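Let's take a walk through a protein together, one feature after another. Have a look at the sequence and the structure, and keep both at hand while you read.

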Amino acid sequence: MDEPLNLGFEEAATPFVSASQNARVWTEHWVGANLFCPNCGAPRINQFPGNRKVADFFCGVCEEEFELKSQRGRFGPCVVDGAFGSMCDRLAASNNPNLVLMNYDMARFGVTDLFFVPRHFFVREIIQERKPLAPTARRAGWVGCNILLSEIPKSGKIFFVRDSEAAPRDLVMEQWRSTLFLKDQGVAARGWLIEVMKCVERIGRETFTLDDVYGFEDRLTAIYPGNRNVRPKIRQQLQVLRDQGYLDFVGRGRYRLRHRS
Ligand SMILES: [Zn+2]
């Protein structure tokens, strides 16, 4: 049995005048006090001592790292992240952190939604380069980036809390495990797999045909303009997804997604 989850923030004395600094204290405290590790199931993850540039939390058991992004109200199609250059460098790094995305509500004074994006969903395709800061800015010329949440497939957004309801931890871990195979792929190979997963999601049916996926040929050609073999590439990705238990071939160019809740 899962221990009951307390979604409320603690009314700790908050020393800051700024609302965003206080929110940082509340949300980080909540994560440290309540959040388990979706990778290995350790009951808590730990906060890094202050001012680490990239990750905020780590698991003392499996050593996965986590970056927390929290916001009042729901996220839009993207979230702002740090420097574009260092994000690109991190894509291939083994300690690139997983994302923890939290929404909170001040009326309830607690968490309303929280989902994980496993680090293996971080590919170049979901990172958007922002315009350099204006010459008049303090950090003139600095280039930041956005993480395009809208470009992450559903299987890469693993909800623990949705609409103030917590999901069973077992289910969260099962969803986490179901895409771990992406980790074994290089960054470029992962990009293709994730794009094909998104096409399959967009078909919106459990059973579909190869032609349904070929229907996204133009879209994939636009993403990978250098590739002249999009159809063979699609078939190759479907084969990998089959081998990894993400979907099944059911004969005559038909496929079925494995059941996942
Ligand atoms: Zn862990």
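In this predicted model, the residues that hold the zinc ion follow the spacing C-x2-C-x18-C-x2-C along the sequence. Try finding them in the chain: they are Cys37, Cys40, Cys59 and Cys62, and each offers its SG atom at 2.3 Å from the zinc ion. How are the 4 donor atoms of the zinc ion arranged? The angles among them run from 105 to 117 degrees, and the site is tetrahedral.

Now pick out two of these cysteines. Cys37 sits in the loop between helix H1 (19–34) and strand E1 (46–47), while Cys62 belongs to the loop between strand E2 (57–58) and strand E3 (65–72), so this pair ties together parts that are 25 residues apart in sequence. Is Cys37 buried or exposed? Its relative accessibility is 0%, so Cys37 counts as buried. Cys62, with 25% relative accessibility, counts as partly exposed.

Strands E1, E2 and E3 lead us on to a sheet. Here 7 strands line up in the order E1-E2-E3-E5-E6-E9-E10, forming an open sheet with mixed pairing. E1 and strand E10 (165–166) are at the edges with a single partner strand each, so one side of each has no neighbour in the sheet. Further in, E3 and E5 run in the parallel sense and are paired over 7 bridges. If you want to spot one of the matches, start at Phe66, whose bridge partner in E5 is Asn98.

Stay with the sheet and look for Asp113, which lies in strand E6. Its relative accessible area is 4%, so Asp113 is buried. Which side chains make polar contacts with the side chain of Asp113? One is the side chain of Arg74, at 3.3 Å, and another is that of Thr112, also at 3.3 Å. Leaving out residues up to four places away in sequence, Asp113 touches several others, among them Leu101, Phe159 and Val161.

Next, turn to the nonpolar interior. The largest nonpolar core has 43 residues, and Phe122, Ile127, Ile147 and Leu238 touch the most other members. Several elements give two or more residues to this core, including helix H2 (84–90), strand E5 (98–105), strand E6 (110–117) and helix H7 (230–243). The most comes from H4, which gives 8 residues. A second, separate core holds 29 residues, including Val31, Ile45, Val100 and Ala167. Going back to Phe122, its contacts beyond four places in sequence include Met87, Leu99, Ile127, Ile147 and Arg190.

Another buried polar residue is worth a visit. Ser155 is in the loop between strand E8 (144–148) and strand E9 (158–162), and with a relative accessible area of 13% it is buried. Its side chain makes a polar contact of 3.4 Å with the side chain of Tyr246. Apart from residues up to four places away in sequence, Ser155 touches Phe121, Thr179, Met197, Glu201 and Tyr246.

Our last stop is a hairpin. Strand E12 (residues 247–251) and strand E13 (residues 254–257) pair in the antiparallel sense over 4 bridges, and Leu247 has Leu257 in E13 as its bridge partner. There are 2 residues between the strands of this hairpin, where Arg252 takes a positive phi near 50 degrees.

Technical notes:
Residues numbered from 1 in each chain as written. Predicted model: local features only at pLDDT ≥ 70, side-chain atom pairs only at ≥ 80, totals over all residues. Heavy atoms only, no water. Donors = N, O, S within 2.8 Å, 3.2 Å for Na, K, Ca; no water. Tetrahedral: all angles 85-135°; square planar, octahedral: opposite > 155°, others 65-115°. Buried < 20%, exposed > 50% of the residue type's maximum accessible area, 1.4 Å probe, protein only. Polar contact = N/O pair within 3.5 Å; in protein donor to acceptor, adjacent residues only side chain to side chain. Contact = heavy atoms within 4.5 Å. Pairing = 2+ DSSP bridges. Core = buried A, V, L, I, M, F, W, Y, C linked by side-chain atoms within 4.5 Å.
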